[in-house]
Amino acid sequence: MYNSPKDHYFGRNLDYEIAYGQKVVITPRNYEFKFTELPTQKVHYAMIGVADVAENTPLYCDAINEKGLGIAGLSFAGSGKYFPVIKDKKNIASFEFISYLLATYETVDQVKDGLANANITDVSFEKEMPTAELHWLVGDKTGKSIVVGTDEKGLHIYDNPVNALTNAPLFPEQLTNLANYAAVVPGEPDNNFLPGVDLKLYSRSLGTHHLPGGMDSESRFIKVCFALNHASKGKDEVENVTNFFHILQAVEQAKGMDQVGPNSYEYTMYTSCMNLDQGILYFNCYDDSRISAVNMNKENLNSSDLFVYDLFKKQEINFIN
């Protein structure tokens with residue numbers, strides 16, 4: 001999350017090795033959500049985000065609703081765990097987690113209250129579509145955010161003072177690890193190592209020398225926290241959106257940098273940036289670095305039909321001579 005003096009922005013990099021045909025999807029207020037264990041919702045808040053649409057059902061990767069609440073699901077493989085349906089609990093299927101919360105709640109505080117007796121179930125959307133182990137970043141237009149995750153000990157909700165999230169390890173461990181980088185500063189460092197000795201600073205930005213640069217989740221968490229919390233605030237929408245994309249570019253993955261199998265590489269498939277105050281989704285993708293935008297308020301939000309737009313496009317180079 002990136003908070004400017006005027007508006008608040010929510011988004012993510014989606015890093016993976018396989019695309020599932022994701023689209024930009026607006027779910028209007030009168031689309032009927034038939035949840036697995038929860039009551040059907042015929043009327044709810046409208047939302048916009050990136051989703052795989054299967055059987056006319058939006059399976060959101062990340063999205064915001066018209067009230068300024070945003071949620072993104074990030075891989076938590078190896079650490080996450082879902083459970084069977086538990087009687088007397090609010091049972092939420094993992095693939096419905098984003099849709100249900102955005103349909104129902106307006107703020108982070110309401111989400112915290114709404115999940116007080118919740119259980120994230122291990123029910124999959126289809127038998128041939130196994131559940132993805134995820135945890136979720138949840139934020140709203142007050143600038144507040146939380147992390148929601150479920151492991152072998154059950155459901156956890158963590159306040160998120162850094163407004164960022166990657167993958168494993170557990171979020172409290174990620175926060176604790178940040179202390180190892182407390183001395184990192186933008187620009188030139190103070191010479192506390194050898195006071196009185198004239199150390200020659202051979203490069204600009206030596207204060208960032210110990211920032212990690214790996215593609216692992218812990219390294220990316222440290223670097224995005226640094227980039228986010230030192231980023232300048234823009235004077236207008238274009239500058240804020242530009243800043244947001246540059247923050248996430250600091251931790252994007254190019255093909256070939258993160259090998260996950262023989263001739264298989266995880267890479268940044270797309271970057272999303274959503275204005276929580278205005279309901280606009282900005283995005284670009286690996287093969288098209290131009291920023292495109294969809295404004296949910298330009299569609300009929302009282303409709304019952306999904307609005308679907310292409311996400312992945314081919315790069316176009318603008319020759320100027």
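Me: What is a salt bridge, with lysine or arginine on one side and aspartate or glutamate on the other?
Reply: A salt bridge is a side-chain nitrogen of Lys or Arg within 4 Å of a carboxyl oxygen of Asp or Glu. This is a predicted model, in which local features need pLDDT of at least 70 and side-chain atom pairs count only at pLDDT 80 or more, while totals for chains, interfaces and linings use all residues. Residues are numbered from 1 along each chain as its sequence is written, and side-chain values use heavy atoms, with hydrogens and water left out.

Me: How many salt bridges does this rule give?
Reply: The count comes to 11 salt bridges.

Me: Which residue forms a salt bridge with arginine 29, and where do the partners lie?
Reply: The partner is glutamate 66, and the closest N and O atoms are 2.9 Å apart. The pair links distant parts of the chain, 37 residues apart: arginine 29 is in the loop between β3 (23-27) and β4 (47-54), and glutamate 66 in the loop between β5 (57-65) and β6 (69-75). Here strands (E, at least two residues) and helices (H or I, at least four) are DSSP runs, numbered from the N terminus.

Me: Are arginine 29 and glutamate 66 buried or exposed?
Reply: Buried means under 20% relative accessible area, exposed over 50%, and partly exposed in between, using a 1.4 Å probe and protein chains only. Arginine 29 counts as partly exposed because its relative accessibility is 24%. Glutamate 66, at 25%, also counts as partly exposed.

Me: Which residue meets lysine 112 in a salt bridge?
Reply: Lysine 112 meets aspartate 159, at 3.0 Å from N to O. Lysine 112 lies in helix α2 (residues 108-114) and aspartate 159 in strand β11 (residues 154-159), so the pair ties together parts that are 47 residues apart in sequence. Lysine 112 is partly exposed at 28% relative accessibility, whereas aspartate 159 is exposed at 51%.

Me: Which residues do salt bridges with shared partners join into one network?
Reply: Asp288, Arg290 and Glu316 are joined in this way.

Me: What is a nonpolar core, and which residues have the most contacts inside the largest one?
Reply: A nonpolar core is a set of buried Ala, Val, Leu, Ile, Met, Phe, Trp, Tyr and Cys residues joined through side-chain atoms within 4.5 Å. The largest has 48 residues, and Phe10, Ile48 and Tyr270 have the most contacts inside it. A second, separate core of 30 residues includes Leu69, Ile92, Ile98 and Leu306.

Me: Which residues does tyrosine 270 touch?
Reply: Contact means heavy atoms within 4.5 Å. Leaving aside residues up to four places away in sequence, tyrosine 270 touches residues including Arg12, Val50, Cys61, Asn284 and Phe312.
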